[in-house]
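Okay, thanks for coming, everyone. I'd like to walk you through a few parts of this structure, so let me put it up on the screen.

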Amino acid sequence: MAFKIRDSITWVGKIDWELRSFHGEELSTHRGSSYNSYLVRDEKTVLIDTVWGPFNREFVRNLKQVIDLKKIDFIIANHAETDHSGSLPELMREIPGTPVYCTANAVKSLRGHYHEDWNFNVVKTGDKLNIGSKELIFIEAPMLHWPDSMFCYLTGDNVLFSNDAFGQHYSSERMYNDLVDQCELFQEAIKYYANILTPFSMLVGNKIKEVVGLKLPVDMICPSHGIMWRKDPLQIVNKYSEWANNYQENQITIIYDSMWNGTRRMAEAIAEGIKSADSSVAIKLFHAARSDKADVITEIFKAKAVLAGSPTVNRGILSAIAGILEEMKGLGFKNKKAAAFGTYGWSGESVKILTEKLKDAGLEIIHDGVRANWNPDKASIDACISLGKEVAGKLK
Ligand code: FEO
């Protein structure tokens, strides 16, 4: 499959309808994904990025139907991660001397992945590649989300090829933002941001200011995953500005794990307390072991407060909630409040451990937490309702 998105630009990527996880099993991809590769034709012909390695032969076969490979003058590798560079070895076997334009860090990563000494041409922000009547302008984007990441901009067509930024793990034959379901699109876009870009939010904000400062007209944003933004393309840039700025919605997210439902009953009582104090706040409960981790992280990203619960087990906490707290620490959420709760039979350390882990993850602890001995009795349930009320009150 290939199709023109402009007279001079042809999409030559791969829609991966079957993909259900990414980065190993770290990130769920309920709606599949796509690996977008673009062929730009002017007096010179340029290929921007390739597709994931398992599709390398299909990619090269399809590309041959669009162009004689020997007519490709330049290859641009905006990012060395294998979902975009994975077909380079297959392609470079056919056209071995073709110049590969990328950042200095991408040379290291590409050499590290493939152990090949291709004809690398290192570019920096502001460098330009003349392709005839138009130019490609390079913009380094280090740590968005790898050290090697880069955008490039095509003059004349005013298209920003943004690689992972502004992308979504979202399969659709429709391929354009104005043709797809907006709820699905933005759900996948925010999930992508929350799970991948949260740690780099400060850099995202600065990069947006830098790119806007270049005053380049943008008619279209073509990321390397999911649909392309052609209708009001800057809407996703504005969303990124919001998400990068300690984003939160009027939401409290409760995550818990439970062995015999005691901690679940506490979670539900806390929710009842929140609702009675503030019926406007969205309250979302997730059983950590039964919920998709990446979806939970997305709901934590949206929350202004996170309440975490676990029973005490072997002087610790249950592993599913421990995993989510560890991931929260890595993502470095900012400007969120937190408290802990949980049942116990004898030693009873879970609330203390959860509180420490929430604090380690950068959340502000606003309550000492609630412990319930064995199955929560009325006094413990009332304490949970009070916790919910108190948290809701502090967030108003
Ligand atoms: Fe889509 Fe960082 O690769």
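Let's begin with a helix contact. On one side, in α9, you have Lys-293, Val-296, Ile-297 and Ile-300, and they meet Ile-324, Glu-327, Met-328 and Leu-331 in α10. If you sort the residues of that contact by type, six are nonpolar, two are charged and none is polar. Before I go on, please keep in mind that this is a predicted model.

So how do the helices sit against each other? Two packed helices are described by the angle between their axes and the distance between the axes. Here α9, residues 293-302, and α10, residues 319-331, pack at about 55°, and their axes are 11 Å apart. An angle from 35 up to 65 degrees falls outside the roughly parallel and roughly perpendicular ranges, and α9 and α10 are therefore oblique to each other. As for the hand of the crossing, α9 and α10 cross in the right-handed sense.

Okay, on to the strands. There's an open sheet of five, and if you read across it the order is β12-β13-β14-β15-β16, with mixed pairing. Which strands are at the edges? Those are β12, at 128-130, and β16, at 220-223, and each of them pairs on one side only. On average, neighbouring strands in this sheet are turned by 20° against each other, ignoring direction. A helix packs on the sheet too: α6, residues 201-213, touches β13 and β14, and its direction makes about 150° with that of β13.

Staying at the β16 edge, β15, which is residues 159-163, runs parallel to β16, and four bridges join them. If you want a pair to click on, Leu-160 stands opposite Ile-221 in β16.

Now have a look at β17, residues 251-256. Are its residues buried or exposed? Six of the six are buried. Gln-251, Thr-253 and Ile-255 are on one side, Ile-252, Ile-254 and Tyr-256 are on the other, and both faces are covered. β17 also runs parallel to β18, residues 282-287, with six bridges joining the two. One pair to find there is Gln-251 with its bridge partner Ala-282 in β18.

Compare that with β22, at 370-373. Its covered face has Val-370 and Ala-372, while Arg-371 and Asn-373 are on the uncovered one. β22 pairs with β20, residues 337-344, in the parallel sense over four bridges. Ala-372, from the covered face, is the bridge partner of Thr-343.

That's my tour, so over to you for questions.

Conventions: Residues numbered from 1 in each chain as written. Predicted model: local features only at pLDDT ≥ 70, side-chain atom pairs only at ≥ 80, totals over all residues. Heavy atoms only, no water. Axes fitted to C-alpha atoms, helices over the stretch in contact; angles between N-to-C directions. Parallel < 35°, antiparallel > 145°, perpendicular 65-115°, else oblique. Left-handed = near helix turned anticlockwise from the far one by under 90°. Contact = heavy atoms within 4.5 Å. Nonpolar A, V, L, I, M, F, W, Y, C, P; charged D, E, K, R; others polar. Buried < 20%, exposed > 50% of the residue type's maximum accessible area, 1.4 Å probe, protein only. Pairing = 2+ DSSP bridges.
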